[in-house]
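Please look over the sequence and the model before reading on. The text below walks through one helix residue and then the strands.

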Amino acid sequence: MDHETAVSQAREIADRILAPAARQNDKDARFSSEAVAALGSAGLLGMMLPTEVGGSALGPRTLAAIIATLAEADASAAMVYLMHMCATATIAAARPGAAVVQTLKDIAAGQHLTTLAFSEAGSRSHFWAPVSRAIRSGTNVRITAKKSWVTSAGHAQSYVVSALAPEGKSPTDSTLYLFAAGAPGLSVAGPWDGLGMRANASAPMILEDAEVGSSLQLTDDGAGFKAMLEIVLPLFNLGTSAVALGLCRAAVAGTTAHLKSARFEHLGQTLGESLPTLRAQLATMQIDTDGLAARVDDLVGHLERPRDTTMLRVLECKASAGDVAIGVTSAAMRVCGGAAFSKHLAIERLFRDAHAGAVMAPTGDVLREFIGKAVLGIPLF
Ligand SMILES: Cc1cc2nc3c(=O)[nH]c(=O)nc-3n(C[C@H](O)[C@H](O)[C@H](O)COP(=O)(O)OP(=O)(O)OC[C@H]3O[C@@H](n4cnc5c(N)ncnc54)[C@H](O)[C@@H]3O)c2cc1C
């Protein structure tokens, strides 16, 4: 599969499966298994994996385009896909034992959804510092942990779990493990009823003395932090920025449609024809959306050809994208007025979904803290 095919498959899934169901799935906080099945059948779940395990070896450019396309129709489904792709990249970078290779083949065959279980109740948004610790048990380890938010909780076939390494000294000496769904001691700890991203099952999970074998240890002891920074962070920040872009595009499209269809009958004009203030706000939304698209494209270029400024761009892109999405969807709420507020339009869902971007770690505040330190030459951690 090439880039164009992958993106057109994503468009087809967005139009046929995501868009028609997004409103009801959001209302009911219902996870779309149909979306995951369609992404799997289209070969998109493993599209970044190497061809040896059945993937298409596509890169960040395709990832960003697919995610923005999905997010235009349903940001929750786009987030499910993004967390899967981040977890998949982590598994693909692991030592290639038989269990790991089989998981990658299942992903490429479209039969396996995975996700990240990093955030813990104890360290909150500081996902790089798990407070749980792996305890040695022969050649296995046992983990007890409160994972505070896990996208696709209860729906994924596996979970990439972080914990402090058995002999870890510093708060960032973590190790990553792969837990199969249904592993004894691993369970979903409650429902997901968020303000936004309501259809992505980001519920808490617990591990109670859950045991995992050495064949499913994904990183060396203490090397989890390195994998989080080098593998997960660039993809996650690119992907959340692409989700923000999809939300902005949907907000511009929804606002445009409203301004063209809603009328002042007594004036014989549409809202768009009648009010220059609304046209000016729509223009600002368009400018900001195109600016974000350029920023996402710039990050793609940096990930394709890494250079000195790449990590700074990784941090900047998500920080900016979260704010742009909140700004553009807030403007859409205002321009569409009562029609948006009374939930007649999809705008209010976009507005709620957009607020997740700044909250998801690394949060917008933390990114600014990192960027400021990086500019000043102060160590980030
Ligand atoms: C929809 C959704 C899906 C998610 N899915 C996953 C998932 O699949 N896997 C996963 O591991 N996690 C997931 N998370 C968790 C997420 O990544 C964060 O860990 C979580 O949202 C942070 O929660 P908190 O507000 O309790 O953090 P807190 O740490 O309590 O943050 C509170 C506030 O303090 C600010 N703050 C914290 N530290 C600093 C600092 N050093 N400098 C400046 N400001 C700071 C934050 O920006 C925030 O405004 C998800 C979250 C959401 C909303």
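Which residues does Thr 240 touch, not counting residues up to four places away in sequence? The model is a predicted one, and in it Thr 240 contacts Met 79, Leu 82, Lys 318 and Met 360. Thr 240 itself belongs to helix 6, which covers residues 224–261. Its relative accessibility is 7%. Because buried means under 20% relative accessible area, Thr 240 counts as buried.

From the helix we turn to the strands. UniProt, in an unreviewed entry, places the feature "domain: Acyl-CoA oxidase/dehydrogenase middle" at residues 116–209. Over residues 116–209 the chain is 43% strand and 0% helix. The C-alpha atoms at the two ends of that stretch are 19 Å apart.

Strand 4, made up of residues 158–164, is a good place to start. Seven of its seven residues are buried, so strand 4 is largely enclosed by the rest of the structure. In a regular strand, side chains alternate between the two faces of the sheet. For strand 4, both faces are covered. Ser 158, Val 160, Ser 162 and Leu 164 are buried on one side, and Tyr 159, Val 161 and Ala 163 are buried on the other.

Strands of a sheet pair through backbone hydrogen bonds, in either a parallel or an antiparallel sense. Strand 4 pairs with strand 1 (residues 114–117) in the parallel sense, over four bridges. Within that pairing, Thr 115 has Tyr 159 of strand 4 as its bridge partner. Strand 4 is also joined to strand 5 (residues 174–180), by seven bridges, and these two strands run antiparallel. Here Val 160 stands opposite Leu 178 of strand 5.

Another group of strands forms an open sheet. This sheet has four strands in the order 2-3-7-6, and the pairing is antiparallel. Its edge strands are strand 2 (135–137) and strand 6 (186–188), each of which pairs on one side only. On average, neighbouring strands of this sheet are turned by 15° against each other, with direction ignored.

At the strand 2 edge, the partner is strand 3, residues 140–150. Three bridges hold the antiparallel pairing of strand 2 and strand 3. Ile 135 has Arg 142 in strand 3 as its bridge partner.

Technical notes
Residues numbered from 1 in each chain as written. Predicted model: local features only at pLDDT ≥ 70, side-chain atom pairs only at ≥ 80, totals over all residues. Heavy atoms only, no water. Buried < 20%, exposed > 50% of the residue type's maximum accessible area, 1.4 Å probe, protein only. Contact = heavy atoms within 4.5 Å. Pairing = 2+ DSSP bridges. Axes fitted to C-alpha atoms, helices over the stretch in contact; angles between N-to-C directions. UniProt positions renumbered as here; feature names shortened; annotations may be inferred.
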